[in-house]
Amino acid sequence: MSKQPILQIENLRVSFRIHDEYYAAVDGVSLTVNENEVVAIVGESGCGKSALALSIMGLHPLERTKLEGTIAFKGKNLLPLSVPQLNQIRGKDIGMIFQDPLTALNPLMSVGRQIEESMDYHTKLSSSAKRQRTLELLKRVGIPNPEKTYDRYPHELSGGMRQRIVIAIAIACEPSLIIADEPTTALDVTIQAQIMGLLKELQQQMKTGIILITHDLGVVAEMADRVAVMYAGEIVELADVNTLFSRPLHPYTRSLLHSIPSVQTRKEKLHVIQGIVPSLQKLPRTGCRFKSRISWIDESEHEKNPILREVAPGHWVRCTCYKNFYFPQDNIGDMNYGIS
Amino acid sequence: MAFLKVNHLKVYYPVRGGFFRRVIDYVRAVDDVSFELEQGETYGLVGESGCGKTTTGRTIIGLIKATAGEILLEGKDLTKLSRREFYHYRKDIQMIFQDPYSSLNPRKRVLDIIAEPLRNFEKLSPQEEKRKVQYFVEKVGLHPESIYKYPHEFSGGQRQRIGIARALTLNPKLIIADEPVSALDVSVQAQVLNFMKEIQKEFQLTYLFISHDLGIIRHMCDRIGIMYRGQFVEEGTSEEIFHDPQHIYTKRLISAIPNPNPQHRQEQVKLRQEIDKEYHNSYHQYFDAEGRVYPLKRISETHSVAIP
Ligand SMILES: Nc1ncnc2c1ncn2[C@@H]1O[C@H](COP(=O)(O)OP(=O)(O)OP(=O)(O)O)[C@@H](O)[C@H]1O
Ligand SMILES: Nc1ncnc2c1ncn2[C@@H]1O[C@H](COP(=O)(O)OP(=O)(O)OP(=O)(O)O)[C@@H](O)[C@H]1O
Ligand SMILES: [Mg+2]
Ligand SMILES: [Mg+2]
């Protein structure tokens with residue numbers, strides 16, 4: 001079964017202007033999303049996950065952002081498109097779900113109207129047909145009483161309900177790609193489980209491609225087909241989800257998997273990644289960007305100009321430092337997280 | 001005698017309305033909660049958003065007045081104390097807050113931030129004060145020169161450690177940590193959690209650890225209380241709660257945790273569906289006609305469940 005790519009990102013660089021100088025927050029990222037596939041992007045705060053997502057949606061302030069490379073959506077490069085051209089695609093073919101449902105919703109408009117409004121732009125349905133479709137959507141995202149909820153305002157709904165409304169808006173025009181930036185981070189674990197279930201179900205029904213941005217590796221394990229691990233603007237490892245969790249290679253991926261407390265296994269001490277993520281201005285632009293955080297690893301293990309290399313079919317790793325990587329003595333030993 | 005004993009604690013927030021802004025109703029944020037902490041242990045309070053965790057913590061530390069019930073610290077009922085008497089006990093209980101970014105005053109130097117509680121409670125010379133602050137700054141793993149810097153010059157994890165240094169200066173016995181790592185990245189989270197365990201041993205601290213992250217609770221806590229709408233549904237050791245949960249609400253909470261093994265995906269979804277079904281089918285065994293839980297019933301030495 002050959003999969004149809006929906007989104008092909010090639011060598012994307014997203015740079016922001018800071019004091020008259022441009023600094024890349026996303027630095028040479030290539031990534032493909034196929035139909036009916038969930039690709040997760042994980043990494044520390046500030047590594048460029050949202051910057052990447054926003055560039056696909058064309059939501060960066062143009063006067064302070066430089067975009068290079070290509071973002072091809074169904075074969076068509078989005079980057080040179082004008083705002084009206086982008087608006088044709090945004091919301092119709094690409095839906096977006098943000099972390100905080102409150103900021104994504106208009107506080108002064110009933111949620112039913114907001115779902116209808118998302119259809120105004122892209123469809124020519126009569127108002128009764130739109131209402132009908134809105135009620136269907138509300139039902140589909142698991143809102144118990146669609147007629148009643150239609151007239152409610154965002155503040156009258158719980159966080160989980162609001163996120164369902166945001167999802168209803170995102171899927172209103174049956175997009176072929178959904179970008180979900182931390183869709184469950186603000187929610188309780190039981191509601192998170194419901195929203196994850198809902199997204200998975202919708203994705204399977206509609207054969208949608210999903211980019212799922214999260215820092216929760218548990219969510220990744222449950223949702224993703226493939227995973228891209230980002231560090232300081234670059235993808236450092238890319239693999240299918242089973243490989244990533246059972247045979248992680250890059251030191252950053254392995255460190256991340258060690259630093260989360262798990263319900264399954266209890267250990268006295270968690271792994272701590274030394275040092276901090278450098279700011280955009282101070283980021284080393286040559287050599288292995290993770291080098292300073294594994295300072296016990298010999299300099300010669302790193303590549304001068306690390307590239308993302310396919311080390312097994314579909315498994316990509318940046319730099320050579322993974323080959324002889326080990327955790328220092330006082331840290332817990334290396335083991336496969338979650339596989340007991 | 002328990003180190004801290006919370007006895008039938010109730011905290012109701014008035015809801016005002018109508019023309020005269022009269023009290024028309026109450027939010028029963030904490031509604032008859034009892035639990036005990038032994039010295040040196042870590043007790044976890046877990047539950048969904050709005051179940052009353054923060055209110056419980058803030059009432060123990062005296063920031064909110066109890067509507068009813070007792071809070072006994074080493075036998076002394078804090079709710080009965082006058083302001084002046086309470087002041088004396090205030091030193092023994094410190095709080096660490098969720099957000100290391102907004103809980104530190106950005107215009108103050110680290111020295112002044114950490115010394116603030118000292119200045120309220122102890123009369124030290126500037127030299128003594130500085131020495132003491134530097135002692136704790138080093139304890140939390142920061143450079144002694146850090147005391148002349150401002151909060152924005154530190155990372156999230158470092159800021160949270162500054163907050164912890166401030167909480168430690170008065171030699172507290174009990175630390176209430178309300179979502180202390182929720183705002184931090186996983187790698188920084190690990191640093192703060194490890195550190196909290198280390199200082200617990202060194203300073204013989206007792207923790208009341210509030211979180212909605214069950215992985216963190218499992219990592220940190222000896223015993224756990226599960227809250228639901230202002231009440232306890234279950235209490236037990238970490239082992240009991242995670243391996244032998246009894247209340248359907250607890251089971252649901254635990255089954256909702258994402259499974260970090262992608263190969264167990266299907267089973268996890270199936271488990272969740274089964275427990276959801278059980279939740280709906282057996283709802284009336286666990287909740288009364290008003291949707292409230294029953295009082296806790298002891299089922300073993302350490303394990304209690306809210307069943308009729
Ligand atoms: N508009 C902007 N102008 C300047 N710098 C920016 C802008 N937006 C983001 N940045 C910087 O770009 C980097 C990447 O930010 P981004 O928001 O993509 O991070 P992220 O991976 O989404 O992090 P988080 O997990 O915290 O959401 C950060 O260093 C951030 O400070
Ligand atoms: N000052 C207040 N006035 C009125 N109601 C309040 C006040 N503070 C909290 N509440 C209500 O009391 C209940 C318990 O709130 P609390 O903040 O203790 O919950 P929590 O368990 O800490 O939740 P979270 O996980 O979201 O922090 C909630 O219904 C909340 O809306
Ligand atoms: Mg982001
Ligand atoms: Mg709270």
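Analyst: Let's start with a cut-off: a residue is called buried when its relative accessible area is under 20%, exposed when it is over 50%, and partly exposed in between. Keep in mind that this is a predicted model.

User: Okay, why is B:Asp31 called buried or exposed?

Analyst: Set the value against the cut-off. B:Asp31 has 4% relative accessibility, and the limit for buried is under 20%, so B:Asp31 counts as buried.

User: And what makes B:Asp31 and B:Arg28 a salt bridge?

Analyst: The rule asks for a side-chain nitrogen of Lys or Arg within 4 Å of a carboxyl oxygen of Asp or Glu. Here the N to O distance is 3.4 Å, so the pair passes. The partner, B:Arg28, has a relative accessible area of 44%. That value sits between 20% and 50%, so B:Arg28 is partly exposed.

User: How many salt bridges does a search of the whole structure find?

Analyst: Over all chains, it finds 33. Another one joins the side chains of A:Glu303 and A:Arg309, at 2.7 Å from N to O. Same check: 2.7 Å is within 4 Å, so it counts.

User: How do you know which of A:Glu303 and A:Arg309 is buried?

Analyst: A:Glu303 comes out at 17% relative accessibility, which is under 20%, so it counts as buried. A:Arg309 has 34%, so it lands in the partly exposed range.

User: What about B:Glu122 and B:Lys132, and where do they lie?

Analyst: Their closest N and O atoms are 3.5 Å apart, which is within the 4 Å limit, so this is a salt bridge too. B:Glu122 is in the loop between α3 (110–121) and α4 (126–139) of chain B, while B:Lys132 is in helix α4 of chain B, so the pair ties together parts that are 10 residues apart in sequence. B:Glu122 is partly exposed at 22%, and B:Lys132 is partly exposed at 24%. Salt bridges can share partners as well: A:Arg13, A:Asp27, A:Glu234, A:Arg285, A:Arg289 and A:Arg318 are joined into one network that way.

User: Now B:Asp178. Why does it have no salt bridge?

Analyst: Check the distance again. The nearest side chain of opposite charge is B:Arg58, 6.1 Å away. The limit is 4 Å, so that pair doesn't qualify. B:Asp178 is also buried, and it sits in strand β7 (residues 174–178) of chain B.

User: Then what joins the side chains of B:Asp178 and B:Thr54?

Analyst: A polar contact of 2.8 Å. The distance limit for that label is 3.5 Å, so 2.8 Å fits. Beyond its neighbours within four places in sequence, B:Asp178 is in contact with residues including B:Thr54, B:Met95, B:Phe97 and B:Ile210.

User: Where else does B:Thr54 show up?

Analyst: Around ligand 2, in a group of residues that also includes B:Tyr13, B:Ser49, B:Gly52 and B:Lys53. A polar side-chain atom of B:Thr54 lies 2.7 Å from an oxygen atom of ligand 2. For B:Ser49 the distance to a ligand 2 oxygen is 2.6 Å, and for B:Lys53 it is 2.8 Å. The protein covers 58% of the 640 Å² of accessible area that ligand 2 has on its own. The elements giving two or more residues to this shell are β2 (22–37) and α1 (53–60) of chain B, and α1(B) gives the most, with 3 residues.

User: Which helix gives the most to the shell around ligand 1?

Analyst: Helix α1 (residues 49–57) of chain A, with 3 residues. A polar side-chain atom of A:Lys49 lies 2.8 Å from an oxygen atom of ligand 1. Backbone atoms take part too: a backbone N or O atom of A:Gly46 lies 2.8 Å from a ligand 1 oxygen, and a polar backbone atom of A:Ala51 is 2.8 Å from one. Here the protein covers 66% of the ligand's own 640 Å².

User: Last one: what makes helix α11 of chain A mostly covered?

Analyst: Count its buried residues: 9 of its 9. Among them are A:Pro251, A:Arg254 and A:His258. The buried residues pack against α9 (217–223), β9 (226–231), β10 (234–240) and α10 (241–246) of chain A, together with α6 (186–203) of chain B.

Methods: Residues are numbered from 1 along each chain as its sequence is written. Chains are lettered from A and ligands numbered from 1 in the order in which they are written. This is a predicted model: local features need pLDDT of at least 70, side-chain atom pairs count only at pLDDT 80 or more; totals for chains, interfaces and linings use all residues. Side-chain values use heavy atoms; hydrogens and water are left out. Helices (H or I, at least four residues) and strands (E, at least two) are DSSP runs, numbered from the N terminus. Buried means under 20% relative accessible area, exposed over 50%, partly exposed in between (1.4 Å probe, protein chains only). Lys and Arg count as positive and Asp and Glu as negative; His and the chain ends are not counted. A polar contact is a pair of N or O atoms within 3.5 Å; within protein, one must be able to donate a hydrogen and the other to accept it, and residues adjacent in sequence count only if both atoms are side-chain atoms. Contact means heavy atoms within 4.5 Å. A residue is near a molecule or strand if one of its heavy atoms lies within 4 Å of it. Accessible areas come from the Shrake-Rupley method with a 1.4 Å probe; for residues, only the protein chains shown count as cover.
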